Amino acid sequence: MRILICNDDGYYSNGILALAETAARFGEVHVVAPDRQQSAVGHAITVTQPLRADHVLMRNGMQATAVSGTPADCVKLAHDKLLDFKPDLVLSGINHGSNAGVNTIYSGTVSAATEATILGYPAIAVSCTEFSEKADLSGCCDAAAKAIAFVRDHGLPPSVLLNINAPAGPLKGMKWTRQANSRYVEEFEQRTDPYNRPYYWITGKFELRDEGEDLDITALQAGYAAVTPIHYDLTNHQALETLRRNPF
Ligand code: MN
């Protein structure tokens with residue numbers, strides 16, 4: 001397999017090293033990742049500035065291309081200019097921090113994988129629920145390896161990517177899940193700057209607004225890796241059916 005790897009924490013993060021080493025067991029790995037921290041940029045792309053792409057060495061000695069843009073930029077640029085082949089699979093991560101529930105929509109990690117599906121490639125996003133750079137990623141790597149083998153052997157439905165979240169530590173098991181309805185509350189902490197003006201720093205508490213055995217959050221709370229198939233079609237098909245009964 002020829003595998004393209006991206007992330008949103010930058011090419012120097014522990015997570016992308018772990019994912020690149022895991023993926024190398026399955027074939028040829030090409031890392032194209034942001035040159036700096038790009039967490040929570042969602043599906044942003046760069047339109048008002050040029051992009052630079054530099055050859056760099058990752059901390060484990062593997063070659064990579066560092067791009068001065070977003071995760072979605074990286075995948076688009078790799079597809080259009082940097083790779084002279086079509087990858088068999090695109091991986092994103094391993095992100096430091098959860099991309100379960102509503103985090104999915106803010107995530108640069110997930111958006112790199114989503115961009116891959118827009119371009120027609122099978123894709124998997126992998127995140128560790130523990131934010132620390134020092135988190136034990138062994139279980140996340142095992143979940144990634146199982147998912148890579150699954151996609152290699154079974155493929156994925158068109159436009160569908162796998163959003164995998166796993167706790168730190170050894171892998172207990174993997175479950176098929178759905179994205180939990182959730183949100184953040186008490187979002188901003190207010191402080192005062194040296195010039196006596198208020199400033200705001202986003203924090204917030206995760207609030208689950210859903211229940212069920214099939215939720216990503218439920219699987220994670222039970223210690224399992226959550227595997228949610230997602231897609232970028234934001235149409236609410238159920239609502240469309242209902243609303244269509246009232247033509248304009
Ligand atoms: Mn991140």
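**Metal site, cysteines, surface and salt bridges**

In sequence, the residues that donate to the manganese ion follow the spacing D-D-x29-S-x55-N. Two of these donors connect distant parts of the chain: D8 belongs to the loop between β1 (2–6) and α1 (14–23), whereas N95 belongs to strand β5 (residues 89–96), and the two are 87 residues apart. The structure described here is a predicted model. In this model, the manganese ion is coordinated by D8 (OD), D9 (OD), S39 (OG) and N95 (OD1), at 2.1 to 2.2 Å. D8 counts as buried because its relative accessibility is 3%. N95 is likewise buried, with a relative accessible area of 5%.

The cysteines were examined next. A disulfide is a covalent bond between the sulfur atoms of two cysteines. In the model, the count of disulfides comes to zero. The criterion requires two cysteine sulfur atoms within 2.5 Å of each other. For C140, the closest cysteine sulfur is that of C128, at 3.9 Å, so the two are too far apart for a bond. The sulfur of C141 has its closest cysteine sulfur in C140, at 6.9 Å, which is also too far for a bond. C140 counts as buried, with 0% relative accessibility, and C141 is buried at a relative accessible area of 13%.

Helix α4 (residues 108–118) is mostly covered, since 10 of its 11 residues are buried, where buried means under 20% relative accessible area. Among the buried residues of α4 are G108, V110, A113 and E115. At the start of α4, a side-chain oxygen of S107 comes to within 3.1 Å of the backbone nitrogen of T109. Just after α4, G120 adopts a positive phi of about 100 degrees.

On the surface, F188, Y200, W201 and I202 make a nonpolar patch of about 510 Å². Strand β11 (residues 198–202) contributes the largest share of this patch, namely three residues. F188 is located in strand β10 (residues 188–192). F188 counts as exposed because its relative accessibility is 51%, and the limit for exposed residues is over 50%.

Charged side chains were considered last. Side chains of opposite charge can pair when their charged atoms come close. A search of the whole structure finds 12 salt bridges. One of the salt bridges joins R183 and E207, with the closest N and O atoms 2.7 Å apart. R183 lies in strand β9 (residues 182–185) and E207 in strand β12 (residues 205–208), so this pair ties together parts that are 24 residues apart in sequence. R183 is partly exposed, with a relative accessible area of 36%, and E207 is partly exposed at 27%.

A salt bridge is also formed by the side chains of E186 and K205, with an N to O distance of 2.7 Å. This pair links distant parts of the chain, with E186 in the loop between β9 and β10 and K205 in strand β12, 19 residues apart. E186 counts as exposed at 58% relative accessibility, whereas K205 is partly exposed, with a relative accessible area of 49%.

E189 and R191 meet through their side chains in a further salt bridge (2.9 Å, N to O). E189 is partly exposed, with a relative accessible area of 35%, and R191 counts as partly exposed at 40% relative accessibility. In addition, R178, D210 and D214 are joined into one network by salt bridges that share partners.

Methods:
Residues numbered from 1 in each chain as written. Predicted model: local features only at pLDDT ≥ 70, side-chain atom pairs only at ≥ 80, totals over all residues. Heavy atoms only, no water. Donors = N, O, S within 2.8 Å, 3.2 Å for Na, K, Ca; no water. Helix = DSSP H or I, 4+ residues; strand = E, 2+ residues; numbered from the N terminus. Buried < 20%, exposed > 50% of the residue type's maximum accessible area, 1.4 Å probe, protein only. Patch = residues over 30% accessible without salt bridge, like charges linked within 9 Å, V, L, I, M, F, W, Y side chains within 5 Å. Areas by Shrake-Rupley, 256 points an atom, 1.4 Å probe, with all protein chains shown as cover. Salt bridge = Lys/Arg side-chain N within 4 Å of Asp/Glu carboxyl O. Polar contact = N/O pair within 3.5 Å; in protein donor to acceptor, adjacent residues only side chain to side chain.
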